[in-house]
Amino acid sequence: MNIQRNNDGICRLNQPGGKTLTWHEGSGVTLLEEDGLYFKDLERSGRLLPYEDWRLSDWERAQDLAQRLSVEEIAGLMIYSVHQMVPPMSGGPFPGTFGGKSFEESGCEAWEMSDEQKKFMESEHIRHVLLSSVKDAATAARWSNELQKKAESMPHGIPVNISSDPRNGASDSVAEFKGGGSDVSKWPEGLGFAACFDPEVVRQFAKDASREYRAMGISTALGPQIDLCTEPRWMRMADTLGMDTNAVKQMVKAYCDGMQTTEDAEGSGWGRESVNVMVKHWPGGGTGEGGRDAHYPFGQFAVYPGANAGEHLKPFTEAAFRLDGATGCAAAVMPYYTVSWGMDCKNGKNVGNSYSEYIIKDLLREKYSFQGVVCTDWGITQDPEPCIDSFGSRCYGMNRMTEAQRCLTILMNGVDQFGGSSEIAPILEAYEIGCREYGKSVMRKRMETSAARLLKNIFQCGLFEDPYLDPEHSKEIVGCEEFCRHGYEAQQKSVVLLKNRILPLTERPCLPLKKGIRVYIPDRKIRESKNFFRKSVPAHTENPVPDSVLAPYAVRVATPGEADVALVFVDSPACDPYSPEDAEHGGNGYLPITLQYRPYTAMKAREHSIAGGDFREDFVDRSYRGKTNTAYNEADLDNILACREAMGEAPVIVCARLNNPMVMSEFEPSADAIVAEFGVSKSAVLDILFGECDPTGRLPVQMPRDMDTVEKHSEDIAFDLVPYTDSQGNVYDYGFGLRYEEK
C-alpha cells in the first residue's frame with residue numbers, strides 16, 4: 001500500500017481497480033481492507049459499514065448512514081448556510097471573526113475558518129455551505145480543505161458540500177447577490193446564452209464551469225435559473241435562459257447534463273468532475289404581478305392572467321427532470337419565494353411556494369415524481385419584519401405561525417432543506433411538534449428520508465472518498481486559457497446588432513469601425529437608487545469603458561467636436577417599484593416598473609390588481625394605475641440625444657446592456673447603430689464594433705413598441721407584446737439580429 005502524504009498532512013491512496021482515497025492524518029480516520037481493496041473507516045468502528053463501502057450504490061450508502069444519525073445531526077444536514085465570504089471582512093455584508101478579532105486584526109490567512117464557520121459545523125452540524133466571494137482559486141481550495149478536515153474529524157466523517165450561486169458572469173448583475181472573485185472564466189449571463197441560439201454553447205459552459213467549481217471545492221451549483229422570462233419587467237430576467245419554452249428546454253438539458261456528468265464515469269455518470277445542479281425556481285418565478293420580485297414583500301405575488309401556469313412547469317418537467325445524460329435528473333430543486341396566486345386548486349391557499357402542500361407535495365413530489373433534494377430559497381422561515389419595504393420578510397402567508405411551525409409545514413410538504421440559516425433549533429422544535437401531532441416513528445422516518453436524499457448528493461460527487469484538493473492544481477484549472485477562450489467566444493457570439501444605418505457620406509454601413517479612430521464616450525450619471533438589499537445608493541457618475549480597455553481599439557477624446565464617432569454606453573431603464581413616501585402620503589406605495597427612460601405614467605395599467613393582501617397593509621388592491629415613475633438612469637437617454645446634436649453627420653452608436661427589454665423609440669431614430677448585449681465584457685462589445693468578429697447574436701426576448709403594450713400583456717404569456725419597428729423598418733422581435741454582410 002503506497003500512501004502519499006503532502007505538507008498539509010493530507011494522505012492519498014491510489015488503488016488500481018478501486019476508488020482513490022484521501023484523508024487527513026490528524027482526523028483519526030484509518031483504512032480498512034476487504035477483498036484486497038481499501039475503504040475509509042469514517043465511523044471509527046474497525047469494521048466496514050455499508051455507507052463506507054464505495055462498491056454499493058450512492059442511494060444504498062445514503063440510506064445506511066441516514067439511519068445512523070441523530071435527529072440533531074439530520075437537522076444540521078437540513079440547513080444551508082448563509083453566504084460565506086472568504087475571508088469575511090469587517091464592514092462587509094457577511095462579516096466574521098477569528099479568535100474574537102476581525103480578519104484584519106487577527107493575522108490569519110485568508111483560507112482559515114472563521115469562528116462562525118467552526119461554530120456552525122460543531123454546534124449546528126451544518127455540512128452544506130454557500131460560498132460567495134473568495135480571494136482566488138488557491139484560497140478557495142485551501143479553505144475547502146480546512147472545512148473537510150474539520151468535517152472528517154467529527155462523528156461519521158460527513159464531508160462538506162460547498163455550493164455557489166452563479167459566479168461566471170462577465171459583468172456585475174444587480175438581480176441577485178452573486179459570488180465573486182476566484183479567477184473563473186467569464187461568460188454571458190443567462191439571456192446572453194439564449195441570444196446565442198445554440199445549446200452547445202451552454203453545454204460547453206457547464207462542462208468548463210463544473211471543472212472550475214470542483215477545483216474550488218464546490219460540488220453544488222445553485223442554478224441554472226430556468227424560469228420562463230415571460231414578464232419583461234422582472235428584475236431577474238437577465239439570469240434566465242429566455243422566454244421560448246422549447247429553446248429553454250434544450251438549454252436546460254445541455255446545462256444540467258454538462259454540469260452533472262463526469263465523462264469518464266461508469267454507469268451513473270456521476271464522478272469526480274460532477275456538480276449537483278439545483279434548478280430554480282419551482283414552479284416558475286417569472287410571473288410577478290407588474291414585474292415586481294418576490295425577494296421583497298411588495299413583490300410576493302405571481303399571477304397567471306393568461307391561465308398559462310402549466311407552461312412554466314415545462315422547463316422542469318420536460319427538461320430538468322428528463323435529462324438525456326446518464327445522471328437522468330437534476331439533483332435538486334429550489335422553489336421560489338412567490339405566492340403563486342390561484343394555483344392551489346386543492347386547498348385554495350395562497351402561501352409561499354415551499355409552504356404549499358399542493359405545489360410541493362401534490363405536484364412536485366407526487367404528480368411529477370421528483371425524488372431529489374428540495375431546498376427552500378434563502379431565509380423564508382424567520383419572523384417577518386414590521387415594514388413591508390424590507391429585504392428579509394419572506395414567510396408569505398405564514399406570519400401568524402411560529403418559526404418552528406413554519407418549518408414543520410415545509411417538512412411535511414416534502415421539502416428537505418432550509419436555505420440561508422445557521423441554527424438547528426427551529427427544526428428540532430418542529431420535530432418535537434411533529435412527534436406530538438403525527439407520532440415519533442412518522443417524524444423519524446420523515447427526517448431520515450430527507451437525510452438520505454441530502455447524503456446521496458454528497459456521495460454521488462465522490463466526496464466521501466476524495467474530498468481534498470491540490471491548491472496548485474486548482475490554480476491551473478480555474479480560469480485556464482482554454483476555459484477563458486471558450487467563455488470569451490460565447491460573449492462575442494451573444495452580442496446582437498439591431499441597427500446599422502448606411503451613412504450618406506460614405507454610402508457604407510456605420511459598423512464596423514476602423515481601429516485607431518477618435519471616439520467620444522460620455523460618462524453615465526445615475527440618480528440615487530436602492531440596491532439589491534434595499535439600501536440607498538448615492539447618486540454617482542461612472543466611466544463605462546476604462547482607458548485600458550479602450551486603448552487597443554480607439555483614441556478617447558474629451559469632447560464630441562474632436563471625435564470621429566460617439567459611443568454611448570447605456571443600461572436598460574431601471575427604477576424602484578415601491579415608494580414608502582407614496583405610502584406615507586396616503587397612497588398604496590406601488591409604482592409602475594418602467595422600461596422607458598423618461599417619466600412614465602401608467603394610464604393603461606390594470607384598474608385593480610389581480611393579487612394582494614399583506615398583514616402590514618390595510619388594503620388588497622396593489623394597482624398603480626395613473627401613477628408615474630422615472631428611471632434612475634434617465635441620463636442615459638440624455639447622453640444619446642446630446643451626442644446626436646453635437647456630432648452632426650458623424651455617427652452615434654448606442655451600446656445597450658439589456659437587463660430587461662426596453663422601449664427603444666425614445667432614442668432609436670437618433671442612433672446610427674445599436675448593439676445590444678446581455679452581460680458581457682466591454683472588450684467583447686468593442687470586438688463587435690471594430691469588426692474583430694461578426695455579430696451573430698439574436699434577440700432572446702421581444703423589444704416592446706411602448707409601455708402600453710407592456711401593460712396590456714399577461715405576465716404568464718410569452719410573445720404577447722407588440723414589438724418595436726425601427727426607422728428602417730426592422731421589427732425588434734424575438735430572434736431578430738443583423739450581421740455585417742446584411743445591408
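**Exercise 1. The three-stranded sheet**

Which residue in E3 is the bridge partner of Leu-13? Work out the sheet around this pair.

*Solution.* The structure is a predicted model, in which local features need pLDDT of at least 70, side-chain atom pairs count only at pLDDT 80 or more, and totals for chains, interfaces and linings use all residues. Residues are numbered from 1 along each chain as its sequence is written, and side-chain values use heavy atoms, with hydrogens and water left out.

Step 1. The bridge partner of Leu-13 in E3 is Leu-21. Strands (E, at least two residues) and helices (H or I, at least four) are DSSP runs numbered from the N terminus, and two strands pair if DSSP finds at least two bridges between them.

Step 2. E2 pairs with strand E3 (residues 21-24) over 4 bridges in the antiparallel sense. Another pair between these strands is Cys-11 with its partner Trp-23 in E3.

Step 3. On the other flank, 3 bridges join strand E1 (residues 3-5) to strand E2 (residues 10-13), and these run antiparallel. Gln-4 has Arg-12 as its bridge partner in E2, and Arg-5 has Cys-11. The hairpin of E1 and E2 has 4 residues between the strands, and Gly-9 there takes a positive phi near 80°.

Step 4. Put together, the 3 strands form an open antiparallel sheet in the order E1-E2-E3. E1 and E3 stand at the edges with a single partner strand each, so one side of each has no neighbour in the sheet. From one strand to the next the twist averages 25°. Helix H5 packs on this sheet and touches E2 and E3, its direction making about 80° with that of E3; such angles run from 0 to 180 degrees between N-to-C directions, with axes fitted as lines to C-alpha atoms, for helices over the stretch in contact.

Step 5. Look at the side chains of E3: Leu-21 and Trp-23 point one way, Thr-22 and His-24 the other way, and all are buried. Buried means under 20% relative accessible area, exposed over 50%, and partly exposed in between (1.4 Å probe, protein chains only).

**Exercise 2. The eight-stranded sheet**

What is the strand order in the open sheet of 8 strands? Find its edges and a helix that packs on it.

*Solution.* Step 1. The order is E16-E14-E12-E11-E10-E9-E6-E17, with parallel pairing.

Step 2. Strand E16 (373-374) and strand E17 (418-419) are at the edges, each with a single partner strand, so one side of each is left without a neighbour in the sheet.

Step 3. Strand E14 (residues 332-335) is joined to E16 by 2 bridges, and the two run parallel. Within this pairing, Ala-332 stands opposite Val-373 in E16.

Step 4. Helix H5 (residues 137-152) packs on the sheet, where it touches strand E6 (79-86), strand E9 (128-134) and strand E10 (161-164). The direction of H5 makes about 155° with that of E9.

**Exercise 3. A helix pair**

At what angle do the axes of H15 and H19 cross? Classify the crossing and list the residues that make the contact.

*Solution.* Step 1. The axes of helix H15 (residues 481-494) and helix H19 (residues 682-689) cross at roughly 55° and come within 9 Å.

Step 2. H15 and H19 are therefore oblique to each other. Angles under 35 degrees count as roughly parallel, over 145 as roughly antiparallel, 65 to 115 as roughly perpendicular, and the rest as oblique.

Step 3. Tyr-488, Gln-491 and Gln-492 of H15 meet Ser-683, Ala-684, Asp-687 and Ile-688 of H19. Contact means heavy atoms within 4.5 Å.

Step 4. These residues divide into 3 nonpolar, 3 polar and 1 charged. Ala, Val, Leu, Ile, Met, Phe, Trp, Tyr, Cys and Pro count as nonpolar, Asp, Glu, Lys and Arg as charged, and the others, Gly among them, as polar.

**Exercise 4. Backbone exceptions**

Where do Pro-224 and Arg-44 lie? Describe the backbone at each.

*Solution.* Step 1. Most residues other than glycine have a negative phi, and most peptide bonds are trans.

Step 2. Pro-224 is in the loop between strand E11 (218-221) and helix H8 (245-260). The peptide bond from Gly-223 to Pro-224 is cis, with omega near 10°.

Step 3. Arg-44 lies in the loop between strand E5 (37-40) and helix H1 (58-66). Its phi is positive, near 55°, and Arg-44 is partly exposed, with a relative accessible area of 32%.
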